[in-house]
Amino acid sequence: MTEKGPQIQEIRRLQEALSGELIRTPVVRCAAIEGVVGGDTGVTGKLEFLQRTGTFKARGALGTLRSLAPAQLAAGVTAVSAGNHAIATAFAAQAMGTTAKVVMMKSANPARVRACRDYGAEVVHAEDVHAAFEVAERIQREEGRYFLHPFEGPGVALGTGTLGLEICEQVGDLDALIVPIGGGGLIAGVANAVKQLAPACEIIGVEPEGADTMRRSRAAGEPQSIERVATIADSLGAPFAMPYSFALAEQHVDDLVTIDDEQLRRTMGFLFRAMKIVVEPACAASTAALLWPLRQRLAGKHVGLVMCGSNIDWDTFEKQAIFDDGIN
């Protein structure tokens, strides 16, 4: 299975076009993480949780909407999301002068629902993620809205590719880059861009054990689905993989690892204690992968961490994070 991903020239053009809507998120040396992993390992974090809307998702949403014909854009968009993609869709629709009707699970964090409405979106609730896709398909069919997929398609990969491009521009000597995986749109775009500019950089994806669709897909050689998402990292809880993002990941991602919810919770607490940042479980995944399954393997290397999102309220964070994390 092969797909031609966006070329770096296309990604550069989009980066320039989006310079007014998006920010160039900073990279920082993570001395606190280095102190824990030891072994002369260098750690640089890409703080994408400081992006507009609080996550990387705005990149793919804007990248896709900018490709739509004027008539389709005027008809509006719809999307399915646990929160972050819905927020990004609402933001992108507002930025592009159109409307959004987003479908969110009833269990969605209330703060994320409010954020969607603050950007002017209409929010429709569904029982679970499978039902949400059915509702969105009906909205698309009945209202003519464009379905903005949360992780699939060239527009998404083009948008998330701008994140990979930024990393290469900001940090030129990475040995490895750890990227969280939900449906695969983030890692597909990032890996496609990075491998064009720094082919020796190892790209490692990380998934929660309770939502390991990419690992299962790689083992099967084709996109797979799971019956139930079972992880606190709802932003990484895609119920299936899709052909385009899976194909790009197969071409450009060197390895996959999994982490469990306790590791995520301990990492959230650690990042709060050590770096004074409050992030959602999905954002903690790259750090958790380095602290646990990849610590020995990447010892002595310069490792980049994509820190992807921070759309979490304090009450939820306090319930999920383990503050006495025991990480050393």
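Leaving aside neighbours within four places in sequence, G189 is in contact with A157, T160 and G161. In this predicted model, G189 belongs to helix α9, which covers residues 185–197. Its relative accessibility is 0%, so G189 counts as buried, the cut-off being under 20%. G189 also lies 8.0 Å from S245, C-alpha to C-alpha, although the two residues are 56 apart in sequence.

**Overall form**

The protein contains 14 helices and 10 strands. Its radius of gyration is 18 Å; this agrees with the value near 20 Å that a compact globule of 328 residues would have. Along the principal axes, the C-alpha trace spans about 55 × 45 × 40 Å. Of the 328 residues, 60% are buried. When contacts between residues at least 6 apart in sequence are considered, 74% of them join residues at least 24 apart.

**Two crossings of helix α3**

Two packed helices are described by the angle between their axes and the distance between the axes. The table sets out these values for helix α3 with helix α5 and with helix α8.

| Helix pair | Axes come within | Crossing angle |
|---|---|---|
| α3 (residues 57–65) and α5 (residues 84–95) | 8 Å | roughly 45 degrees |
| α3 and α8 (residues 154–170) | 6 Å | roughly 130 degrees |

For the first pair, the axes cross at roughly 45 degrees, which makes α3 oblique to α5. The crossing in which α3 passes α5 is right-handed. On the α3 side, the contact is made by K57, A58, A61, L62 and L65; on the α5 side, it is made by N84, H85, A88, T89, F91, A92, A93 and A95. By class, the residues of this contact comprise nine nonpolar, three polar and one charged.

For the second pair, the axes cross at roughly 130 degrees, which makes α3 oblique to α8. The crossing of α3 and α8 is right-handed. Here R59, G60, G63 and T64 of α3 meet G155, V156, G159, T160, T162, L163 and E166 of α8. The residues of the contact between α3 and α8 divide into two nonpolar, seven polar and two charged.

T160 appears in two of these descriptions: it is one of the α8 residues that meet α3, and it is among the contacts of G189.

**Two residues with positive phi**

Most residues other than glycine have a negative phi. T53 has a positive value, with phi near 75 degrees. This residue lies in the loop between strand β2 (42–47) and helix α3. T53 has a relative accessible area of 9% and is therefore buried, given the cut-off of under 20%.

K276 likewise has a positive phi, near 60 degrees. Its place is the loop between helix α12 (261–275) and helix α13 (281–291). With a relative accessibility of 63%, K276 counts as exposed, because the cut-off for that class is over 50%. Of these two loop residues, T53 is buried, whereas K276 is exposed.

Conventions. Residues numbered from 1 in each chain as written. Predicted model: local features only at pLDDT ≥ 70, side-chain atom pairs only at ≥ 80, totals over all residues. Heavy atoms only, no water. Axes fitted to C-alpha atoms, helices over the stretch in contact; angles between N-to-C directions. Helix = DSSP H or I, 4+ residues; strand = E, 2+ residues; numbered from the N terminus. Parallel < 35°, antiparallel > 145°, perpendicular 65-115°, else oblique. Left-handed = near helix turned anticlockwise from the far one by under 90°. Contact = heavy atoms within 4.5 Å. Nonpolar A, V, L, I, M, F, W, Y, C, P; charged D, E, K, R; others polar. Rg over C-alpha atoms; globule rule 2.2 N^0.38 Å. Buried < 20%, exposed > 50% of the residue type's maximum accessible area, 1.4 Å probe, protein only.
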